[in-house]
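Here are a few notes to read alongside the model, written for someone meeting it for the first time. Please keep the structure open while going through the points.

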Amino acid sequence: MSDLDKAIAQLRACRPIPESQVRELCHKARELLIEEGNVVTVTAPVTICGDIHGQFHDLMELFRVGGDPPDTNYLFMGDFVDRGFYSLESFLLLLCLKVRYPDRMTLIRGNHESRQITTVYGFYDECLRKYGSANVWRYCCDVFDYLALGAIVLGASNTLSPPNDAVSRDVYVEEDIEIEVCNADGDVMSQFRRQPNDRKSPNGTAAKTGPPGSGASGSSGGSTGNSTGAVLCVHGGLSPLIDTVDKIRLLDRKQEVPHEGAMCDLLWSDPDEIDGWGLSPRGAGFLFGPDIVKVFNHRNDLSLIARAHQLVMEGFKEMFEASIVTVWSAPNYCYRCGNVAAVLELSEDNGEQILARSNGEFGRSDGGVARGVMMEGENGLKNGPARRYRVFQAAPQDSRGMPAKKPVADYFL
Amino acid sequence: MAAQPVPHPSTDKKRVKVYELRNNDWFDRGTGFCTAAFHLIEEGQREPRVVVESEDQPDRVLLETKICKEDGFHKQQETLIVWTEPSNGVDMALSFQEADGCTMIWRFINNIQQQFQSVMAPGDDSLSDDLAMDMPNPVSLPAATMGNLDEIESQMRMMSGTANGREALTKYVLSEDYIGRLIPLVGDAEDLESLNELHRLCNIMKIIILLNDTSIIEHAVSDECVIGVVGALEYDPDFPSHKANHRQWLEDSGRYKEVVRIEDSQILKKVHQTYRLQYLKDVVLARILDDNTFSVLNSLIFFNQVDIVQHLQANGNFLSELFDIFKSPGEDLKRKKDAVLFIQQCCAIAKNLQPPARQTLYNNFIAHGLLQVINFGLRHNDVAVRVGATDVLVSMIDHDPQMIRQTIYRQIHEKQPPLTDSLIELLLVEVDLGVKSHISDALKVLLDQGPPMQPEVFAKANGEYAARTQNRMPTADPQQERFLELFYEHSAAKLFKPLLDLKDRVAMDFTVQQASMFTYLIEILCFFIRQHQHRSKFFVLNHDIVKRVGQLLACPEKFLKLVTIRFLRQLIGLNDEFYIKHLSEKRVIGPILDVLMETMPRDNLLSSACLEFFEFIRKEMIKDLIKHTVENYRDKLQSLSYVELFRFLLQRYDQTRGFTVNLDYFLESSDDDVARRRTNVNPRANVHLMEHISIDQAEEEYWNTSDDEDDLQAKIGNRAPLVNGGSPNTKLVDYASDEETDEAVVAGSSTLASSNTGEATPEKTDNQAPKSDGVTSAIPPPERLSEKRRREEDGEDEMSKLIQHKRRNSTSPNSNASSTSGVIKKKKSATSARDAGGGGPKIAISISSSIKAGSGQPGVDSLAADKTTRREV
């Protein structure tokens, strides 16, 4: 058993690892994360998760419901720390898993992955309590600076794969299920069939912008044969400074989350039922309306934006004609909000049912060959990928110890 | 008086003064004897009343008031009953001579009030809620016995559901010492192993604590109660199979470390109480605390801490004893360590105090020799002590850096090595990351002379340190000047030695410690460059710092490369001609391109950082760098030309190649708007280009001292030859455009047109000597007007451009930064004044155009805002 596996086992038991191991872990993680672009490309199947906020036992529950890593490919959209009592264990476990299975685990940055915020909302105090010094906090904050700002999921199918072995795949193809909600045990609770796609595209040519500044891998063309657009995952939302995904790639992300600017907005903004952009009551980031999302998705060939950042009592909430979804993965938030949590599963596209589903858009996003071609003549937004939400509740109270902070051992005053 | 007939045998005990609240003062209405009884009113109806008859004139009634459910009598202390008169709303008080009398009357009143309470069934709270605001209904709970726990719990739960119920319950719990009565039951239930009862007790205790009453909580953490209270809370029914071990934790007396005996028992009590409160808050109740109880606990802790610290710092004996620990060489090392940690905790607590209180604490500490303690601690071989000492130092610096600086000045004056030198030594050898980062922070603050920082660069400054220095007032202290001078003479080279040592080094492989050292040093260096303009500039030049740092681009560690790129990016971000020139001379652009070429086409942090570097050059149109880059690294650019950005750079250069000599001229002058947007246009920029033209010293002098008008005039003059020379206008103007083409053409040509027409003395000289003429020509009055108009026009274009494109210039927040060149004071101020008129609003407008609602200041709000959201959830 390698040291890393040992560390994972120890953290899974909710016991922190020694400071020296944390340092080493963070060092390794940094080497890994430095190689990631600001927007990481992830291929379906993937399970997308929202805020965790140090609720370690609920993270364990999430793994139980969503499948254990590395069997399940996970994408966490930030806010691993603060508020809950086990920020340290939660974040370190995720980081360990990231280092151990780099291709099966994607972590992007949330607004709480910041020095300023963690000093106010608990992570700093927690590290101080658990290690007696702030060094571990410093190591972790260093890693925060390296975390990617977003992810693009490619190759998501518009047909779900079965939730368990008892169900045949054919059902999903025939029934054309777009959305399915499952409970923690994998039982289907509700299904929604795909509506005929008569959504109109926003007017104007909305030409795909020229080659990206970076030239580094194309924006979001989707993988070969995939007829759904890509899914952009980001913690908060959009920014008025970012009109294409490639603009995100031009940010120098290795820094504390600034108080304004594109990087800040991506981590702080919220969707809202308004026209255009609005001031955010949070004092950082913006509010953005359906029109903004539509134009952005259209321009970037996206079918969906997945984000976290806001508590939703049902665990997930689709907005703006399913062009954006909020996923929230901290059940009974702060141990008292009474909400349920959810993860979003996107199935892998295995190509066969594409032809059946071809609706005139097929071949558009064929992995770069046609990239750069203007989108004129095309009609309508991309079909959303088929989505399965697995909803779960807080871990049974008894499965964990009493959640509590670690007390200060000694005192002089 | 003695002859007076007495209605009750205990009259004496009911001697009472009647008070009425008038204008916030208690007005004495007289002294008398108080009775409380049912008085007959018509038709056999009886009404409970409190009556006071005057002592001197027995016939006179000082007070007659009805006890009805609205009036809420309260008993305060032993001898006081207060209420609000229902008829007129006046606040009244009865002050009894003796407690017994008060108790007797109170018993009667209380009984009556309880009857009202029982009449009012708990069910109809909806009706009574409003009325009940000022009338808590006294309650009585079943006796605290094991058998009644069920009943007690349900009654309490019901009462705690309403505001008046809570109030009444609070009073009852306090007056009956209900907690004290419940506590024995915990032990009993444990003996009986009756989990059910234990869970009930836990619930009851939770309800009592969440009543949120300061006195109850204080009582709960008192010596007598605390163990029982947390004992009950160990059996949380939410976790039926778990039992916490709060008692074990709190009973461990070894947790309290007493370095110096605290004589005052009250204070000592508070120390323990505070610890328990913290334990309660963080551990016992962490999961169930609501915001109100949370803040009650916090404020209790806070006030205790204030008392404790106030007591200690005013206690000379205590302080002497504390600091003497460090003076006696024979002292136990453990005790010394504890003493450092004690002081550390004091300082940590002091952070919450009001600044004046903190000031006195530090003053007293320093007077007793705190600095020696820090010195001792910093060199201690135990990391915990070093951490403690740096913590203390940093918290003092945080509080008032000037305080420490004064000490340093004194040290300098006395020819002692200043504190900063010890810090530097420590920084270079320290292995603990926390101490290291503390020390580097401390150095930054101490060496900060506090000129206004550039917002852009500042926002990018990493880490905790950033927030701290934000609102400092600029001061120009001669002592600080002297200190800085000494620092750059002697200490800087020591500090940056690891960097300077790179000089003879070829292999760029470092140990982890070394590598992290570089990140700290470069971070400090960045700070110095922002803060100490000419001094740091000289240092950078003198020690060939750019070259040294640039060497790190060749190291295998990617994060070091990143640090290096960020350093260089900051240099160009300053928009200081000196550094831009320096970067070209040191030829560090090539290595950056190499890093990029190595990295591309991978999309990673390194390539993003590199691209951002060149994107900035493009966006800010730093011509010298474009020129330098293209002229020297054309091959590399071409190999990267699949990236649009580099194609652009090449293209721009090539388009203007016909005017190589004039390139700078042209760029500098024609795109006034761009220049102005990049607010710290440095007039000295011309110096560089003059090298191509060979201009004599006198003229250079003139340029250095010329004022704003001259400057503008000259710029306009510079433009003229190009226009007149029939150079392809569109192309030229195009160059000026930043990213947008069409609008810029319009803007540019209108600029040219107006400047041409408005100009009284257009230069018609040839390219070789446009300057001299421009300089010598007088400035006709209309010039200013036209200039002004032209600027306004530019401004409009700018706005419309921004609006049309919804593109915010603030992506390069640099544009807001004020000039740092420090070469020509006068020009600087003129430039920034112009910025204020041009740059600032433009940016504001662009923001508001894109968000429609004006811009906020997210900085501090972000925290506050997030707090609100928390409240909401």
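**Notes on two regions of the model**

1. In this predicted model, H112(A) is placed in the loop of chain A that lies between β4 (105–107) and α5 (115–121). The UniProt record, which is an unreviewed entry, puts the feature "active site" at H112(A).

2. Is H112(A) buried or exposed? H112(A) is buried because 29 other C-beta atoms lie within 10 Å, where 20 or more are enough for a residue to count as buried. If its neighbours within four places in sequence are left aside, H112(A) is in contact with D79(A), V81(A) and D82(A), and also with I117(A), T118(A) and Y121(A).

3. UniProt, again in an unreviewed entry, gives residues 108–113 of chain A the feature "domain: Serine/threonine specific protein phosphatases". Over these residues the chain is 0% helix and 0% strand, and the C-alpha atoms at the two ends are 9 Å apart.

4. Turning to chain B, the axes of helix α29 (residues 589–599) and helix α31 (residues 623–639) come within 10 Å and cross at roughly 30°. Angles under 35 degrees count as roughly parallel, and therefore α29(B) is roughly parallel to α31(B). The crossing in which α29(B) passes α31(B) is right-handed.

5. Which residues meet where α29(B) passes α31(B)? From α29(B) come I589(B), G590(B), L593(B) and M597(B), and they meet L625(B), H628(B), T629(B), N632(B), Y633(B), K636(B) and S639(B) of α31(B). Sorted by class, this contact between α29(B) and α31(B) has five nonpolar, five polar and one charged residues.

Methods
Residues are numbered from 1 along each chain as its sequence is written. Chains are lettered from A and ligands numbered from 1 in the order in which they are written. This is a predicted model: local features need pLDDT of at least 70, side-chain atom pairs count only at pLDDT 80 or more; totals for chains, interfaces and linings use all residues. UniProt positions are given in the numbering used here, feature names are shortened, and annotations may be inferred rather than shown by experiment. Helices (H or I, at least four residues) and strands (E, at least two) are DSSP runs, numbered from the N terminus. A residue is buried if 20 or more other C-beta atoms lie within 10 Å of its own, exposed if 12 or fewer, and partly exposed in between; C-beta atoms are placed from the backbone. Two residues are in contact if their C-beta atoms, placed from the backbone, lie within 7 Å. Axes are lines fitted to C-alpha atoms, for helices over the stretch in contact, and angles run from 0 to 180 degrees between N-to-C directions. Angles under 35 degrees count as roughly parallel, over 145 as roughly antiparallel, 65 to 115 as roughly perpendicular and the rest as oblique. A crossing is left-handed if the near helix is turned anticlockwise from the far one by less than a right angle, and right-handed if clockwise. Ala, Val, Leu, Ile, Met, Phe, Trp, Tyr, Cys and Pro count as nonpolar, Asp, Glu, Lys and Arg as charged, and the others, Gly among them, as polar.
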